[in-house]
Amino acid sequence: MNAPHEPREQVPAQPEAPVGPEPAGEPHSRPYHHPAAGWGAAKSVGRFLLQERAFVDGPRAIMRMNHENKGFDCPGCAWPDDTKGLHLDICENGIKHVTWEMTPKRVGREFFAAHSVTELSGWSDFALEDQGRLTEPMVYDPESDHYVPISWQEAFALVGGALRALDDPNQASFYTSGRLGNEATFLYQLMARELGTNNLPDCSNMCHEASGRALQAALGTGKGTVDLQDWETTDALFIMGVNAASNAPRMLTALSEAYRRGAQIVHINPLVEAAATKTIVPHDFTDMALFKSTPTSTLNLQPRIGGDMALLRGMSKAVLEQAKTDPKSVDQEFVERHTAYFEEYRKVCEETSWEEIEHQSGVSRADILKAARVYGDADRSIVSWCLGVSQHEHGVDTVREIVNLLLLRGNLGREGAGPSPVRGHSNVQGNRTCGIDHRPTEEFLDRLAEACGIDPPRAHGLDTVGTIQAMHRGEVKIFVGMGGNFALAAPDTPYTYEALRSCELTVQVSTKLNRSHLVHGRRALILPCLGRTEKDRRRGGVQSTSVEDSMSMVHLSLGMKRPASPHLLSEPAIIAGMARAALPDSETPWEWYIEDYDRIRDTMARALDGFEDCNRRVRLPLGFRIKQPARELVFLTPSGRAEFSTAPLPDVVPAPGTLALGTMRSHDQWNTTIYSDNDRYRGIKNLRTLVFMNKDDMRERGLAEFEPVDITSTAKDGSHRHLDGFLAVPYDIPRGCAAGYMPEMNVLCAIVDYSTQSDQPLMKHVKVTITRSGRAAA
Ligand SMILES: Nc1nc2c(c(=O)[nH]1)N[C@H]1C(S)=C(S)[C@@H](COP(=O)(O)OP(=O)(O)OC[C@H]3O[C@@H](n4cnc5c(=O)[nH]c(N)nc54)[C@H](O)[C@@H]3O)O[C@H]1N2
Ligand SMILES: Nc1nc2c(c(=O)[nH]1)N[C@H]1C(S)=C(S)[C@@H](COP(=O)(O)OP(=O)(O)OC[C@H]3O[C@@H](n4cnc5c(=O)[nH]c(N)nc54)[C@H](O)[C@@H]3O)O[C@H]1N2
Ligand SMILES: [Mo]
C-alpha cells in the first residue's frame, strides 16, 4: 500500500513543451473504413523507413526478427512468436519500433555542448527523441546547465559513492521499464537486494499489476494460462479492453484465423476499435495482392468505462439461470473437483439484479444475453484483456470476475480455454519472473539468498506511485531508471517532475534522449546502452539475452547490428559497473558474470522457479515454456483450488455533469514515444491534444467538432487538475465516457488516484468535467 498523501488544493498543469511533432496540417477526423493492417500499414511502414532513412538496414533487420533463435526478439509488444516457426511474423508497429532504435542519427557531446538543459526543456518530446541514439555517458553540470561527458568509470564511481553515502538503502529506488532482458533484470534486482532494498518499482505497476494480483489470488499463478496453440483451437474469443490493431497487431492474424475457422469473436470495448472489424493479414501475400479482408469480429459490445465487471457478472448470471433448466451449461464436475466458493458466487450472481447489471455496465440485458449465449454454446473459451480492464479502481475484482466466468464452464487447464492477458512491453512478464517485485514472497527471497549467498531485505519496498510520493517527501534521494521514460509515463506530471527534481541523484539508462533526462535531480547521469538489435560482444564472445512473452515462452534474443556507438555498454555491464562501485565488499562475481551471460543463467537456474536447466532449454528451437501450475490444474491458493470471488459490483456511473475519461495510445506511438500526430484507425490526422466524446454529450455542452475545451479532473482528495485548449472530437463512445491520449493527459491523473486493490494509477477512469474553453465551471 502506498502512504496516504496530504490533500493538495490545486496542482497547476505545467506541461513544459508539447509531446508530439509539429502538426503537418489542419486537424482532421474521418471514420476509417479500410481493414486493419493490410496496405494502410504497408504504406505507413514505407513512409516511416523513409523518414528514418533506414531503407537498407530496416528491411534487413526485419528479416531477422522473431526467428527461431537466430535473430532478435521484437522489442515491441509481448505478443508471442508464431509457434509454427513462421519467418515473417511481423507487424507495422514492430517494424517502426525496430527502425526507431536503428536510426542513423546520433546525439553526441557536441549536441549537449550546443544546447543547455533549460533550452532542451522547451523542445517537444518528439524533437528530443528525434535527435537519435545517445553515444556516451554524460553527467549534468549545474554550473553551465549542460550535460558534459564523463567516463564510465567515473560515472560508476559517482553512483556507487552516492549509494554508499545513504543513511538507509531504502533511500534509493530502482525502476525497470519492461524492455530489460532477463539476465540484466536478474542482476539488477540482485544489486538492489544486496544493497538492502526491495524498492523495485516497474512499469507493470502502471500496467498489469491488477491482472497479476487477481490471477495469483484466484489461481495461484500471476500469469495467463493459455498459449498460441490454445488461440488456434478455441471456439470463442472474448477480447476486452485492448486496441489490438495498434498495440498487439500480431493478434490480428490470430483473430482472422479464428474467424476463418468459424470461431466466435466477441469484442468488449467502449470504442469499436479497428481489430473489432476486419483485417488484411500482412504476411498473407495473396490476401494483400487481392485486397481480401477477413472479418475479425462476430459481436461488439460497448460497455461504459469501468462497466466490464457488471457485464461479466451478467454473463455469469445468465449461465447460472440457464443451468436451472439445462444443468450442462455449468461444468458441475469441474466446479466440484477443482474450485472453491462456488455456492457463494452463485448466490452473489443471483442477488445482483439485472437492473443493476444494465445500469452499471451500460449494456442492455438482451445484448449481455447474446454474449452469454456465445459463451454457453462454446465448448472452449478464452478471455483476453489489457489496460481497459486493469487500469481501474476495481481492476483486480474485474479480472477475478473474468476467472469466475471461465471457471463456471471449466475453461481452464485444457486446450483452447483459459485467461489470456495481453502484456505490454516485450519483456515485462520476464522482469517479474526474474525478481522485479517490490513485494517478493518469502520463498523467492529464501531461494535467492541460497543461490546468491546474500541476505536480502524482507520488508516490502516501494512501487511506482509509492516511489514518486517518497521522492516528493524527500525520503527517496536516488532514482535509477533502467530504461523507460519515468517523468512522462507516470501520473500527475507536475507532481512527478517535482518529485524527480527533489532527488540528490537521478540516473537514466537509455537509448535515446527523453524528458526524464531533463527533469532530473541535483546530480544527474545519462548512461547510454546497447539496444536489443545490437551485437553485444563481451569477453566470452557475442552474448544473447533471454526474454519471456505474454504466454510464458522464454527464448533467446541475439542482436546483430553494429552498436550505435563504440562507447555503449550493455545493460548487464552497466548494472555490474554500478554494483561493483556501490558494493565494494560484495562477494557476487559481477565482472565474471558479465563476461558470459550463460553464467548469469546458471545462477538464475538455481534461484528462479521455472528456470531449471535454462541454459540448455533456452537454446531449443522455440525456447521453453515456464511451467504453469494452474494450467495443470494445480492451484497454489490457500484452499488448493481455483477460488471464485464474490466482490459486489462497484458504482462506476459518472455523477451528473461529469464524465469518465480513459487515457490511451494512438496508433502512431509507443508509450511516451510519439511517431506522428496521426491515429490512422480512428481516422485522426494532425492532432493529439483531443478528447473523444459522445455527440450527445457534446451537444449538451454546446460543443462543435474541434471546439477547444477545458478539461478539469477531480481527484479522490477533492483536488483539481486542468488541461485547456484540447479539441473535442465526436466519436462512437457511450454517453458519459470520454477518451484521449497519454502522456499528454497524465497531468489529469492525480497521484492519489491509485487503486486500493492494486495500487495502480487509475489511468482509464479519470473523473472529469468538460466545458468550452474559457467557460470553466467554478
Ligand atoms: N504500437 C504500440 N504497441 C504497444 C504499446 C504502444 O504504446 N504502442 N504499448 C505497449 C504497452 S506497455 C501496453 S500495456 C499495451 C497496451 O495496450 P492497450 O491496452 O490496447 O492500450 P491503450 O491504448 O491504453 O488502450 C486501451 C483500450 O482499452 C479500451 N478501454 C478504455 N476503457 C475501457 C473500459 O473501461 N473497458 C474496456 N473494456 N475497455 C476500455 C480503449 O478503448 C482502448 O481500446 O500495448 C503494448 N503495445
Ligand atoms: N495516462 C496514462 N499513463 C500511462 C499509461 C496509460 O495507459 N495512460 N500506460 C502505462 C503503461 S501500461 C506503461 S508500460 C508505462 C510505460 O512507461 P515506460 O516504460 O517508462 O515508458 P516508455 O515510453 O516505454 O519508455 C521509452 C524510453 O525507453 C528507452 N529505451 C528504449 N529502448 C531501450 C532499451 O533497449 N534499453 C533501455 N535501457 N532503454 C530503452 C528510450 O530512452 C525511450 O525514450 O506508461 C504508463 N503510463
Ligand atoms: Mo504497459
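Biologist: In which hand does helix 22 pass helix 29?
Modeller: This is a predicted model. Helix 22 covers residues 442-452, and helix 29 covers residues 597-607. Where helix 22 passes helix 29, the crossing is right-handed.

Biologist: At what angle do helix 22 and helix 29 pack, and is the pair parallel, antiparallel, perpendicular or oblique?
Modeller: The axes lie 8 Å apart, and the angle is about 135 degrees. Angles over 145 degrees count as roughly antiparallel, and 65 to 115 as roughly perpendicular. The packing angle is in neither range, so helix 22 is, relative to helix 29, oblique.

Biologist: How do the residues of that contact divide into nonpolar, polar and charged?
Modeller: Helix 22 brings R447, L448, A451 and C452 to the contact. Helix 29 brings T603, A605, R606 and A607. Arg counts as charged, while Ala, Leu and Cys count as nonpolar. The contact of helix 22 with helix 29 therefore divides into five nonpolar, one polar and two charged.

Biologist: Which strands stand at the edges of the open sheet of six strands?
Modeller: The order in this sheet is 6-5-18-17-16-7, with mixed pairing. The two edge strands each have a single partner strand, so one side of each is left without a neighbour in the sheet. They are strand 6 (146-149) and strand 7 (172-176).

Biologist: By how many degrees are neighbouring strands of this sheet turned against each other on average?
Modeller: The sheet holds six strands in an open arrangement. With direction ignored, the average turn between neighbouring strands is 20 degrees.

Biologist: In strand 6, what is the bridge partner of M138?
Modeller: Strand 5 spans residues 138-141 and pairs with strand 6 in the antiparallel sense. Four bridges make up this pairing. For M138, the bridge partner in strand 6 is P149.

Biologist: Which helix lies across strand 16, strand 17 and strand 18?
Modeller: These strands are residues 478-482, 505-510 and 523-528, in that order. The helix spans residues 571-582 and runs at about 160 degrees to strand 16. The answer is helix 27.

Biologist: Which residue in strand 33 is the bridge partner of D710?
Modeller: Strand 33 (residues 766-772) runs antiparallel to strand 25 (residues 659-664), joined by three bridges. There, A660 stands opposite K767. Strand 30 (residues 708-714) is also antiparallel to strand 33, through five bridges. In that pairing, D710 has as its partner T771.

Biologist: How far apart are the C-alpha centres of domain 1 and domain 2?
Modeller: The domain assignment gives domain 1 as 36-101 and domain 2 as 106-142 + 157-207 + 427-618. Between them, 19 residues of domain 1 are in contact with 22 residues of domain 2. Their C-alpha centres are separated by 26 Å.

Note on methods. Residues are numbered from 1 along each chain as its sequence is written. Chains are lettered from A and ligands numbered from 1 in the order in which they are written. This is a predicted model: local features need pLDDT of at least 70, side-chain atom pairs count only at pLDDT 80 or more; totals for chains, interfaces and linings use all residues. Side-chain values use heavy atoms; hydrogens and water are left out. Two strands pair if DSSP finds at least two bridges between them. Axes are lines fitted to C-alpha atoms, for helices over the stretch in contact, and angles run from 0 to 180 degrees between N-to-C directions. Contact means heavy atoms within 4.5 Å. Angles under 35 degrees count as roughly parallel, over 145 as roughly antiparallel, 65 to 115 as roughly perpendicular and the rest as oblique. A crossing is left-handed if the near helix is turned anticlockwise from the far one by less than a right angle, and right-handed if clockwise. Domain bounds come from an automatic or database domain assignment.
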